[in-house]
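Here are some worked exercises to try with the structure open beside you. Have a go at each task before reading its solution.

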4 protein chains.
Amino acid sequence: MERIGVVTSGGDAPGMNAAIRAVVRIADSRGVEVVGFERGYEGLIANSCRQLGPRSVSGIIHLGGTILHTARCERFKTDEGLLEAAENLRNDDVGGLVVIGGDGSLAGALDLSRVCETPIVGVPASIDNDIYGTDETIGFDTAVNTAVSEVDKIRDTAISHERVFVVEVMGRERGFLALAIGLTVGAESILVPEVPFDIDVISNDIMENHRKGKKSAIIVAAEGVGDNRRLTEMIAEKTGFEVRLSILGYVQRGGNPTARSRLLASLFGEKAVRLLMDGRRSEVVSIQRNQIFSSDLEECCRSVKPLDESLLKLANELAV
Amino acid sequence: MERIGVVTSGGDAPGMNAAIRAVVRIADSRGVEVVGFERGYEGLIANSCRQLGPRSVSGIIHLGGTILHTARCERFKTDEGLLEAAENLRNDDVGGLVVIGGDGSLAGALDLSRVCETPIVGVPASIDNDIYGTDETIGFDTAVNTAVSEVDKIRDTAISHERVFVVEVMGRERGFLALAIGLTVGAESILVPEVPFDIDVISNDIMENHRKGKKSAIIVAAEGVGDNRRLTEMIAEKTGFEVRLSILGYVQRGGNPTARSRLLASLFGEKAVRLLMDGRRSEVVSIQRNQIFSSDLEECCRSVKPLDESLLKLANELAV
Amino acid sequence: MERIGVVTSGGDAPGMNAAIRAVVRIADSRGVEVVGFERGYEGLIANSCRQLGPRSVSGIIHLGGTILHTARCERFKTDEGLLEAAENLRNDDVGGLVVIGGDGSLAGALDLSRVCETPIVGVPASIDNDIYGTDETIGFDTAVNTAVSEVDKIRDTAISHERVFVVEVMGRERGFLALAIGLTVGAESILVPEVPFDIDVISNDIMENHRKGKKSAIIVAAEGVGDNRRLTEMIAEKTGFEVRLSILGYVQRGGNPTARSRLLASLFGEKAVRLLMDGRRSEVVSIQRNQIFSSDLEECCRSVKPLDESLLKLANELAV
Amino acid sequence: MERIGVVTSGGDAPGMNAAIRAVVRIADSRGVEVVGFERGYEGLIANSCRQLGPRSVSGIIHLGGTILHTARCERFKTDEGLLEAAENLRNDDVGGLVVIGGDGSLAGALDLSRVCETPIVGVPASIDNDIYGTDETIGFDTAVNTAVSEVDKIRDTAISHERVFVVEVMGRERGFLALAIGLTVGAESILVPEVPFDIDVISNDIMENHRKGKKSAIIVAAEGVGDNRRLTEMIAEKTGFEVRLSILGYVQRGGNPTARSRLLASLFGEKAVRLLMDGRRSEVVSIQRNQIFSSDLEECCRSVKPLDESLLKLANELAV
């Protein structure tokens with residue numbers, strides 16, 4: 001193999017740059033050239049790419065975002081788009097493609113793999129940590145820590161004003177972020193889409209805590225649980241207390257990656273290149289029980305990662 | 001004077017604790033006792049207070065929020081409320097009261113001063129920096145820096161996705177926060193309530209920049225300019241680009257105060273005690289042109305602080 | 001079991017408070033009282049302790065240090081000290097003791113277990129991550145991230161001045177911290193006590209990089225590799241470049257724990273209480289391959305945790 | 001004037017990039033070209049420079065260090081060096097030069113101005129804040145806040161271990177940094193070169209505090225006060241307590257600039273261009289009493305900025 005391609009796709013996640021750096025430098029150390037496609041799958045279709053050498057990825061390990069830019073690409077969901085991408089990869093003599101992205105991007109990679117001779121390997125990068133087959137995704141640890149710092153600040157106001165705060169965090173349809181954040185900020189309640197909850201119970205807990213002297217509360221709610229504005233109003237009505245909503249928003253996607261996100265990105269990037277050089281295709285890099293593995297891309301795309309509900313139980317026990 | 005009181009009122013601001021610490025320790029060094037009233041003016045009315053000595057304020061200089069708690073108090077807007085507070089101050093032998101808070105709290109202090117023999121001195125603490133007569137309020141520098149860090153993170157995503165972001169910051173009816181944040185993050189536009197703006201102009205600038213190769217943009221908008229969700233949609237319509245709204249929210253109120261907010265709090269706290277010991281009443285501590293002064297409480301309450309529009313002009317020149 | 005004790009000992013590590021909180025609240029939820037001994041083993045010997053209820057550990061999950069204070073205790077290395085501690089535990093009706101600390105503290109726990117009927121369970125908390133049997137210790141992730149932020153800052157100066165920096169990090173006799181930090185800051189060289197290195201090779205690499213256009217370099221050196229001041233001078237002599245030493249020092253021990261250190265502390269604290277309630281004794285809580293286990297205290301104390309040298313190799317490949 | 005030059009010189013300071021950005025964009029908006037000289041005065045002598053347009057300074061307002069690199073240049077202290085630089089400026093048709101740097105760099109600018117027709121304007125950028133005629137320099141606020149965050153972390157360990165820490169901060173021969181840091185971390189003592197101190201008094205205070213129940217202490221010492229390692233040992237001997245030294249070091253120079261450092265850089269950069277366009281020469285931009293001024297370069301170089309000792313007195317009163 002003389003040349004591989006690398007692309008970042010979908011929502012950006014802190015550590016994507018560290019993964020690009022690892023792909024480029026490991027490939028280079030094995031005598032393999034790297035081309036970077038720009039703006040996600042759009043760049044594959046438009047053949048918008050540039051050569052990446054060891055110096056092109058200097059000074060990026062600590063930067064959020066992605067130097068290759070990223071996008072969500074509707075045209076890649078059509079046969080025409082996929083075929084154009086496949087043809088570009090062939091014409092560019094790209095002997096293998098590393099796709100760094102979340103579950104939508106991996107689904108795109110699977111689609112592409114079906115019409116394309118070029119071997120493809122996925123690298124899970126997503127702040128949501130919702131990809132089957134890997135205990136953790138690149139960017140998750142960073143997003144959790146960013147949110148935890150924010151909630152620590154909001155707690156200052158919650159305590160000073162003896163107020164209840166609902167803090168909405170990201171995670172799309174899943175509760176991995178909310179659970180990790182809620183447990184580590186010591187939230188009084190954690191609401192995730194995977195587990196039904198009862199607003200009456202939450203409201204009663206808040207009132208009961210108030211009687212015991214705990215006059216403020218933090219409720220961490222995944223964006224996927226529904227209308228958190230309405231939820232906030234209902235809790236205010238039921239408890240009679242001041243309840244405020246804070247939506248953390250896009251800050252969770254950005255910022256310098258944590259050490260752990262950088263480490264994971266480095267390990268994943270190295271593994272991805274190794275897989276391609278070993279002639280593997282349609283696989284996804286993963287970390288399972290603290291070891292780097294790979295799993296089948298198709299299985300990864302059609303399976304649903306379970307939430308560890310024992311952590312939710314622990315969080316509830318600890319938040320008395 | 002043998003005893004003074006201190007109270008924090010209204011929205012919390014980082015550095016309030018540093019101000020309490022300064023009041024308590026300076027008073028103590030002059031042989032004056034301090035009682036802290038809890039939960040803002042509620043505590044004055046309910047006579048909910050506790051003795052504060054030098055050790056009571058140990059280890060708080062770096063903490064956000066306020067150890068005395070705070071609240072907005074409706075009853076303090078009635079004559080009954082004010083008279084109860086005045087009576088408590090007299091019965092507690094409080095020879096002077098330091099009120100640490102924003103413009104609503106200073107207005108309350110003015111009301112109280114009209115029915116109360118106890119001399120009152122105000123200390124401007126507000127993330128909004130909207131208090132007449134002082135160049136800066138306790139907490140403003142912290143809120144600016146917190147927001148700037150957030151926007152720096154959002155810029156990662158903006159650049160990676162080549163997207164436009166509208167970032168709504170606090171500041172209530174005024175644009176001090178938005179201006180300071182927008183200038184120092186290098187925002188492409190800054191929208192403040194004090195200066196009319198034209199969405200067509202903003203949209204055209206974004207499109208013009210896009211043609212010149214600048215594909216992302218950050219628009220910092222004060223919460224006081226109106227419905228920023230609608231604004232975001234309008235810019236998206238007019239430009240045809242992806243435009244996202246991020247509301248920074250309550251994180252701007254919390255967190256450890258910056259060095260500057262702690263310094264200002266220390267200087268203000270010291271000055272407030274000194275004023276009371278000098279027999280002054282109905283004044284507000286202030287910083288003007290880098291020097292500590294005091295000004296008349298009534299003038300402070302009825303005057304409107306002007307926004308420095310030359311800074312807005314500079315920001316626009318720099319954000320090409 | 002009606003009552004257990006908890007103590008933090010040795011060097012402080014961020015997350016100790018989160019572990020105390022977990023021990024206290026899990027015990028409480030099982031109907032077990034908790035007493036906290038103060039100032040490490042000194043408090044066991046002096047029987048300096050206080051009752052800890054769920055409210056005593058409110059608002060501490062995010063704080064560095066330890067509310068129980070800690071110390072290194074010489075007297076605990078004598079038979080008299082151990083016997084006094086054992087007697088206090090018996091007299092206080094403490095049915096089990098949780099020791100939160102590093103390897104010295106666990107060695108002390110082992111010594112105590114030999115003269116004491118009270119079952120003892122260890123919780124590994126140390127920024128050094130040098131405890132056998134657990135993949136990670138409480139505080140390690142925080143110390144790594146703190147150091148990484150520092151080195152990111154130093155890199156600004158290194159690049160601006162085109163200078164070489166030797167950054168000394170903690171870790172005592174071991175290289176776990178240096179390796180994790182070096183890999184994730186993209187250090188040009190990582191020096192750990194476990195692996196011999198050659199200053200000529202390092203110096204030649206720096207000169208070779210300089211010729212290739214990479215004019216600054218970061219060398220992360222564990223404190224355990226020896227005299228880093230001398231090392232710095234030698235590299236300066238051999239290369240003829242400006243080389244500066246920066247010793248990160250105590251900041252690595254403090255600060256708010258990361259989400260991961262808080263999570264680990266919560267899981268460890270819960271497991272420790274569970275072990276005691278199951279009648280276990282002389283064990284150490286651990287995380288292995290992302291699962292919570294426990295192992296034998298004696299084995300933990302006499303075995304040496306290996307450094308993962310494949311990570312060092314990866315770091316070198318990535319730092320071209 | 002058709003073209004100006006800009007150079008960063010001496011020790012790097014956070015905000016230098018924001019100043020370069022301001023110089024370039026303001027000049028551009030006035031129709032003036034900008035060339036950036038690289039590596040400080042070395043670049044002036046070697047005529048190593050590049051054209052800077054508005055896009056060259058995109059995305060740098062928030063970055064520490066300097067994109068133009070910097071150096072200390074011995075050759076610039078010779079007549080030959082100065083004359084070469086002067087000739088290059090003339091040959092490059094540079095109609096004015098902005099020098100961004102600390103006091104050594106301004107002294108160099110003064111020397112150059114004596115042999116050179118090209119008007120020169122200085123912009124004070126230094127973490128030390130030791131430049132006469134300006135209340136604040138670019139980078140000072142950032143360095144203070146960085147150090148304050150560090151000391152806040154060290155305090156965790158100091159309290160947990162009930163230990164005394166001497167924290168050495170930068171500032172070269174002056175105490176501006178130490179004073180600002182010490183006051184805002186609530187240090188028990190602040191040692192600056194400008195004010196004599198007595199180790200016996202400090203040691204007695206520590207012992208006296210210990211008796212009153214304050215068992216830890218932070219002493220912030222400027223690097224300029226002498227051998228802080230020896231000082232630490234002496235305090236340990238005199239008090240009999242554990243005393244540790246922590247040297248904050250180079251982290252104080254780096255990192256993203258605070259909002260205030262960015263604002264100052266923007267205001268200074270704009271003023272510098274305006275001065276050159278107004279035909280001014282041999283001046284230094286400054287902020288005095290919160291207003292932007294300029295003063296004479298020679299006066300700036302030969303005068304010594306006084307330390308505000310009243311702040312030291314306040315710090316001592318507050319640190320009881």
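Two strands count as paired if DSSP finds at least two bridges between them. Keep in mind throughout that this is a predicted model.

**Exercise 1. Work out the order of the strands in the open sheet of 4 strands in chain D, and find which strands stand at its edges.**

Solution.
Step 1. Follow the pairing from strand to strand: the order in chain D is 7-8-6-9, and the pairing is parallel.
Step 2. Look at the two ends of that order. Strand 7 (189-191) and strand 9 (243-247) of chain D each have a single partner strand, so one side of each has no neighbour in the sheet.
Step 3. Add the twist, which averages 20 degrees from one strand to the next.
Step 4. Zoom in on one pair. Strand 6 (residues 164-169) of chain D runs parallel to strand 9 of chain D, and 5 bridges join them. Within this part of the model, D:Phe165 stands opposite D:Arg244, which belongs to strand 9 of chain D.
Step 5. Now see what lies on the sheet. Helix 8 (residues 228-239) of chain D packs there and touches strand 6, strand 8 (217-222) and strand 9 of chain D. The direction of helix 8 makes about 165 degrees with that of strand 9 of chain D.

As background, strands of a sheet pair through backbone hydrogen bonds, in either a parallel or an antiparallel way.

**Exercise 2. Describe how strand 1 and strand 2 pair in chain A, then do it again for chain D.**

Solution.
Step 1. Start in chain A, where strand 1 and strand 2 (residues 33-37) pair in the parallel sense over 5 bridges. A:Ile4 has A:Val34 in strand 2 of chain A as its bridge partner.
Step 2. Check burial, for which a residue needs 20 or more other C-beta atoms within 10 Å of its own. In strand 1 (residues 3-9) of chain A, 6 of the 7 residues are buried, so this strand is largely enclosed by the rest of the structure.
Step 3. Move to chain D. Strand 1 (residues 3-9) and strand 2 of chain D are also parallel partners, with 5 bridges, and D:Ile4 is bridged to D:Val34.
Step 4. Check burial here too. Strand 2 (residues 33-37) of chain D has 4 of its 5 residues buried, so it is largely enclosed by the rest of the structure.

**Exercise 3. Find out how chain A is divided into domains, and how many residues of each domain are in contact with the other.**

Solution.
Step 1. Mark the bounds: domain 1 of chain A covers 3-139 + 257-302, and domain 2 covers 143-253.
Step 2. Take the centres of the two domains over C-alpha atoms; 35 Å separate them.
Step 3. Count the contacts. Domain 1 of chain A uses 9 residues, and these are in contact with 10 residues of domain 2 of chain A.
Step 4. Sort the domain 1 side by class: 2 residues are nonpolar, 4 are polar and 3 are charged.

**Exercise 4. Characterise the side of chain A that touches chain B, and say which helix gives the largest share.**

Solution.
Step 1. Count first: 25 residues of chain A are in contact with 25 residues of chain B.
Step 2. Assign these residues to elements. Helix 5 (140-161) and strand 9 (243-247) of chain A are the elements that give two or more residues to this side.
Step 3. Pick out the main contributor: helix 5 of chain A gives the largest share, 8 residues.
Step 4. Sort by class, which gives 6 nonpolar, 12 polar and 7 charged residues on the side of chain A that touches chain B.
Step 5. Relate the two copies. A turn of 180 degrees with a shift of 0.0 Å along the axis lays chain A on chain B, with an RMSD of 0.0 Å. Of the interface residues of chain A, 100% are also interface residues in chain B, so the copies meet through the same surface.

**Exercise 5. What relation superposes chain C on chain D?**

Solution.
Step 1. Read the operation: a rotation of 180 degrees, with 0.0 Å of shift along its axis, superposes them at an RMSD of 0.0 Å.
Step 2. Name it: this is the relation of a two-fold axis.
Step 3. Compare the contact residues. Those of chain C recur in chain D at 100%, and the same surface serves both copies.

Technical notes. Residues numbered from 1 in each chain as written. Chains lettered and ligands numbered in written order. Predicted model: local features only at pLDDT ≥ 70, side-chain atom pairs only at ≥ 80, totals over all residues. Contact = placed C-beta atoms within 7 Å. Nonpolar A, V, L, I, M, F, W, Y, C, P; charged D, E, K, R; others polar. Domains from an automatic or database assignment. Axes fitted to C-alpha atoms, helices over the stretch in contact; angles between N-to-C directions. Least-squares fit on C-alpha atoms with pLDDT ≥ 70 in both. Buried ≥ 20, exposed ≤ 12 C-beta atoms within 10 Å, placed from the backbone.
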